[in-house]
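Open the model in your viewer and keep the selection panel at hand. The stops below go from the ligand outward.

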Amino acid sequence: MDIVKFGILGCGSAAAFHTLGIKRDTNTNLEFIAAHDVNEKKLRSFAKRKKMTPYTNLDDFLQSEIDAVLLLVPHYQHAELAEKVAEAGKHLLCEKPMATTLEECDRMIEATKKAGVKFMIAENHRFLPAHQYIKTLLDKDFIGDIFLARTYEGAYCEHDEFLDPDQWHFTFEKGGGGVVMDQGVHKFTMLNWFLGDVDSAQCWCSKTLNSPPNKGEDTAIILLRYKNGAIASVCLTSTSVHPLNNTTELQGTKGTIYEDHSRENPLKIFSSHPEAEKKGEFYSPSVPIEHGPYPQYYTISARYEDRYFAECVLDDKEPEFTPEQAKEAVAIVLLSYLSAKKRTIVTMDELKKIAKKKGTHSILEDFLPNIQNNYKNLNW
Ligand SMILES: NC(=O)c1ccc[n+]([C@@H]2O[C@H](COP(=O)([O-])OP(=O)(O)OC[C@H]3O[C@@H](n4cnc5c(N)ncnc54)[C@H](O)[C@@H]3O)[C@@H](O)[C@H]2O)c1
């Protein structure tokens, strides 16, 4: 095999940026050849546009000549469909978050291990070239030990998406939560990569829209303490009045890194490391980092993650970004919700006890009354 044949399961917004990312790849090791979606109209129109074979039946899709599946469906269906993909002997690349509970994550890990197929979560913050560059700097000790991190993601989601109760995004029932599950999981994955494991969290969730009762929080602040002593703040909103943007600030004992995705050159570094391009002042690295502010940011990261996963299949190697690491990010989402529910600081040990005693779905149950509704009476 010199090229991995992928089937796309779920032909919505994520399918659009994954296929676009690969279309622009001049040296690709994969192709999208088949598609399946429960919505037949959507399936046929997507497959026609992308020149892929449409399968209206899931079993036929899984028995087709595809080597791997890119799973792009609502979060509550990740575990069940992952098991089917694994049972069919297909490699699995699944969009974030891995699932909505730790027990579902375990089912996915177990099924793929049992089937002996490769499995990775398509977490674009692990594959953004700017983040990969930051990681190489951290590994070279450019800024010493990080003691403080601040990170923000603001997304302007169409108000229709929030105001339509039938839309699964940001519902606890099908999405597993609001902005903390949907966007926070990116940040938790990235910070764990840079800082190690989380010890404890405190979280506040609020709604800034007069959204239907079944929608989760659209705004949140999470304070995290890491096992190595570092502390971090994660600010999230999906109602920002600017195009999607991410910023991160890492303060270390020997320097600082700023990242702002809205800039053409997203990084600013202050470091006295011998390889630093300037000493005693901030500089933006001259190395070419493939980067583009939103919306290119989606297609660039999708290309890197899809290509890397195909490489793992072709070279028979385990992905460096492991399912266990992706599960840890879901654990931090659940830890955050537990904190908001209890209105106090909570520890990972406490989360593990809940997982053992009654399962982590119990945290998501009856969560909605714990969200502060800031503009209840506004008529948007
Ligand atoms: N990395 C990112 O920044 C990013 C951005 C957007 C979405 N995502 C992720 O991508 C995934 C999909 O999100 P989306 O925005 O594309 O959703 P979407 O609603 O736009 O598309 C989901 C598609 O799945 C189909 N579907 C639902 N149940 C199905 C089933 N049982 N079998 C087959 N098809 C089914 C729906 O008909 C729909 O076409 C989610 O995990 C989401 O978090 C990631």
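The tour covers the ligand, the pocket, the cavities and a few backbone details of this predicted model.

**Stop 1: the ligand**

Select the ligand and the residues around it. There are 26 of these residues, and Ser-13, Asp-37, His-75, Gln-77 and Trp-168 come nearest. Next, show three side chains that have N or O atoms beside the ligand. For His-169, an N or O atom of the side chain is 3.0 Å from an oxygen atom of the ligand. His-78 places a polar side-chain atom 3.3 Å from a ligand oxygen. At Glu-95 the partner is a nitrogen atom of the ligand, 3.4 Å from an N or O atom in the side chain. Now switch on the surface of the ligand: taken alone it exposes 840 Å², and the protein buries 88% of that.

**Stop 2: the largest pocket**

Hide the ligand and look at the largest pocket, with a volume of about 1400 Å³. Which residues lie nearest the centre of the largest pocket? Select Ser-13, Ala-14, Phe-17, Trp-168 and His-169; they hold that place among the 48 residues of the lining. Colour the helices α1 (13-23), α4 (78-87), α9 and α10, since each is an element that gives two or more residues to this lining. The largest share, six residues, comes from α1.

Then colour the lining by residue class: 23 residues are nonpolar, 15 are polar and ten are charged. Colouring by domain shows that domain 1 (4-125) and domain 2 (129-297 + 327-373) each supply at least three residues of the pocket lining.

**Stop 3: the two cavities**

Across the whole structure, a search finds two cavities of 30 Å³ or more. Start with the largest, which has a volume of about 40 Å³. To find its lining, select Leu-128, Pro-129, Ala-130, Glu-290, His-291, Gly-292, Tyr-297 and Ile-300. Two elements, α6 (129-139) and α10 (296-315), give two or more residues to this lining. By class, the lining residues are five nonpolar, two polar and one charged.

The second largest cavity also has a volume of about 40 Å³. Select Lys-96, Pro-97, Met-98, Ile-121, Glu-123, Val-185, Thr-189, Phe-321, Ala-326 and Ala-329 to outline it. Helices α9 (179-195) and α11 (323-342) each supply at least two of the lining residues. Seven of the lining residues are nonpolar, one is polar and two are charged. Where does the second largest cavity lie with respect to domain 1 and domain 2? Both domains give residues to its lining, so this cavity lies between them.

**Stop 4: backbone details**

Stay with Lys-96 and Pro-97, which line the second largest cavity. The peptide bond that joins them is cis, with omega about -20 degrees. Pro-97 belongs to the loop between β5 (91-95) and α5 (102-115).

Move on to Tyr-294 and Pro-295, also joined by a cis peptide bond, with omega about 5 degrees. Pro-295 is in the loop between β13 (267-271) and α10.

Finish at Phe-170, in the loop between α7 (159-163) and α8 (172-175). Phe-170 is not a glycine, yet its phi is positive, at about 70 degrees.

Terms used:
Residues numbered from 1 in each chain as written. Predicted model: local features only at pLDDT ≥ 70, side-chain atom pairs only at ≥ 80, totals over all residues. Heavy atoms only, no water. 1 Å grid on protein atoms, 1.4 Å probe; cavity = no way out; pocket = protein on both sides within 12 Å on 5 of 7 lines; lining within 4 Å. Points joined across faces, edges and corners; volume = space filled by probe spheres on them. Helix = DSSP H or I, 4+ residues; strand = E, 2+ residues; numbered from the N terminus. Nonpolar A, V, L, I, M, F, W, Y, C, P; charged D, E, K, R; others polar. Domains from an automatic or database assignment. Near = heavy atom within 4 Å. Polar contact = N/O pair within 3.5 Å; in protein donor to acceptor, adjacent residues only side chain to side chain. Areas by Shrake-Rupley, 256 points an atom, 1.4 Å probe, with all protein chains shown as cover.
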